[in-house]
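Reader: I am a first-year student and would like to go through a structure with you. May I put some short questions as we look at it?
Author: Certainly; please begin once it is displayed.

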Amino acid sequence: MKIGIVGIGLIGASLGWDFRQMGHQVIGVSRQQATCDIAEREAICDRASCDLASLKATEMIFICTPIAAIIPTIELLIPHLHPDTILTDAASVKGAIVDRATDLWANFVGGHPMAGNSESGIAAFEKGLFAERPYVLTPTAQTAPVALERVAELIRSLHCTIHYATPAQHDLAVAWISHLPIMVSASLIDACLHESDPLILDFAKKFASTGFKDTSRVGGGNPEMGMMMAEYNREAILRSLYQYRDRLDSIIGSIESKQWSEIKDLLSTNQSNRTNFINCSSLEKDGDFTIRKNV
Ligand code: NAP
């Protein structure tokens, strides 16, 4: 298949590499010529340029720009496209994208690969990034069934686990497992750095080990992406943050009133629930067909 990729950063370049390994022809478009040069040199794309017109003859295009650029990119792409071309995106939020994109282009399918790291740009690309990871497709009643099937078929060939959800269901779920952790982790770093005693702060830095590294990792990632999640998934993030604040207040209350058994019960429940929660995503294959049938 002839596949286009717009935005050759972490996600776009990782997709490009995998598609080329599978024998597809990949045409890349990015903002900077330097990115395009790397994409060709590293065999991420067969050809790459800053010209959206180069995607004219592609059958499917993945838009992997930052969230704010997705709709403007579709608007710029449309004059160059054959009506049968299928567009899909990789954005981490779907409610702000899918309806608008489908209005602009009938063959649009919303998507979100649940894979990545805290780096950004083409240098951060990873081979085989998507294998064995969830990939969410967010069809609506307006989504063209043939376009959905073709995107799903290609995604499945990356050895992803496909899940189907509405854009709203997707945004509420990722608020819990992706966007809230970023805000919580960022607050943790911020609170720690505001320690008023310089000696204690210095000791904290010197003593920091795996616990702090694990819990601060996502809060120390790409600032632009975190900001866009807050901006474009505002209501769902606030919903999760308010519930998180309630749980935090509850723990503070238990400690203030020395209710040690309450703390132990909570931690014991979490110990087993966390294992079940984490294992669930690695066990499922092509999940949530009930949601898919209902859209
Ligand atoms: P990224 O590494 O910053 O890559 C985006 C690339 O797009 C940039 O390297 C930039 O390349 C290019 N770009 C920026 N504005 C552009 C424009 N207007 N037109 C064309 N190219 C443009 O970001 P990413 O992490 O790959 O994220 C890309 C998308 O995937 C986002 O929508 C994000 O929400 C989503 N996503 C990210 C992750 C993650 O963990 N990072 C996971 C799943 C989904 P130049 O150097 O050429 O400017």
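Reader: How do S8 and S9 pair, and over how many bridges?
Author: Strands S8 and S9 pair in the parallel sense, over four bridges. Within that pairing, Val136 has His163 in S9 as its bridge partner. Please note that this is a predicted model.

Reader: What is the order of the open sheet of three strands?
Author: The order is S7-S8-S9, and the pairing in this open sheet is mixed. The edge strands are S7, residues 111-113, and S9, residues 161-164, each of which pairs on one side only. On average, neighbouring strands of this sheet are turned by 20 degrees against each other, with direction ignored.

Reader: Where is Thr138 found?
Author: Thr138 is found in the loop between strand S8 (134-137) and helix H5 (145-156).

Reader: Is Thr138 buried or exposed?
Author: Thr138 is buried, because its relative accessible area is 0%, and the limit for a buried residue is under 20%.

Reader: Which residues is it in contact with, leaving aside neighbours within four places in sequence?
Author: With those neighbours left aside, Thr138 is in contact with Lys94, Val98, Gly110, Gly111, Ala165, Thr166, Pro167 and His170.

Reader: Let us change loops. Where is the place of Ser92?
Author: Ser92 lies in the loop between S5 and helix H4 (98-104). At 12% relative accessibility, Ser92 counts as buried. Apart from neighbours within four places in sequence, Ser92 has contacts that include His170, a residue that Thr138 is also in contact with. Ile67, His112, Val174, His179 and Met229 are also in contact with Ser92.

Reader: Now the sheet of six strands: what is its order?
Author: This open sheet has the order S3-S2-S1-S4-S5-S6, with parallel pairing. Its edge strands are S3 (47-49) and S6 (108-109), and each pairs on one side only.

Reader: Over how many bridges do S2 and S3 pair?
Author: Strand S2, residues 25-29, pairs with S3 over three bridges in the parallel sense. There, Gly28 stands opposite Ala48 in S3.

Reader: And what about S4? Which strands does it pair with?
Author: S4 pairs with S1 in the parallel sense over four bridges. S4 also pairs with S5 in the parallel sense, over four bridges. On the S1 side, Gly4 stands opposite Ile61 in S4, and on the S5 side, Phe62 has Thr88 as its bridge partner.

Reader: Which way do the S4 side residues point?
Author: Met60 and Phe62 point one way from S4, while Ile61 and Ile63 point the other way; all of them are buried.

Reader: How far apart are Phe62 and Thr138?
Author: Phe62 and Thr138 are 76 residues apart in sequence and 15 Å apart in space, C-alpha to C-alpha.

Reader: Which strands does helix H3 lie across?
Author: Helix H3 (residues 70-77) lies across S1 (2-6), S4 (60-63), S5 (86-89) and S6, and runs at about 150 degrees to S4.

Reader: One last topic, the surface. Which residues form the nonpolar patch?
Author: The patch is formed by Trp176, Ile177, Phe277 and Ile278, which together have about 410 Å² of accessible area. Helix H6 (167-193) and helix H11 (260-283) each supply at least two of its residues.

Reader: Why does Phe277 count as exposed?
Author: Phe277, found in helix H11, counts as exposed because its relative accessibility is 58%, and the limit for an exposed residue is over 50%.

Note on methods:
Residues are numbered from 1 along each chain as its sequence is written. This is a predicted model: local features need pLDDT of at least 70, side-chain atom pairs count only at pLDDT 80 or more; totals for chains, interfaces and linings use all residues. Side-chain values use heavy atoms; hydrogens and water are left out. Two strands pair if DSSP finds at least two bridges between them. Contact means heavy atoms within 4.5 Å. Axes are lines fitted to C-alpha atoms, for helices over the stretch in contact, and angles run from 0 to 180 degrees between N-to-C directions. Patches are made of residues with over 30% relative accessible area and no salt bridge: like charges are joined within 9 Å, nonpolar side chains (Val, Leu, Ile, Met, Phe, Trp, Tyr) within 5 Å. Accessible areas come from the Shrake-Rupley method with a 1.4 Å probe; for residues, only the protein chains shown count as cover. A salt bridge is a side-chain nitrogen of Lys or Arg within 4 Å of a carboxyl oxygen of Asp or Glu. Buried means under 20% relative accessible area, exposed over 50%, partly exposed in between (1.4 Å probe, protein chains only).
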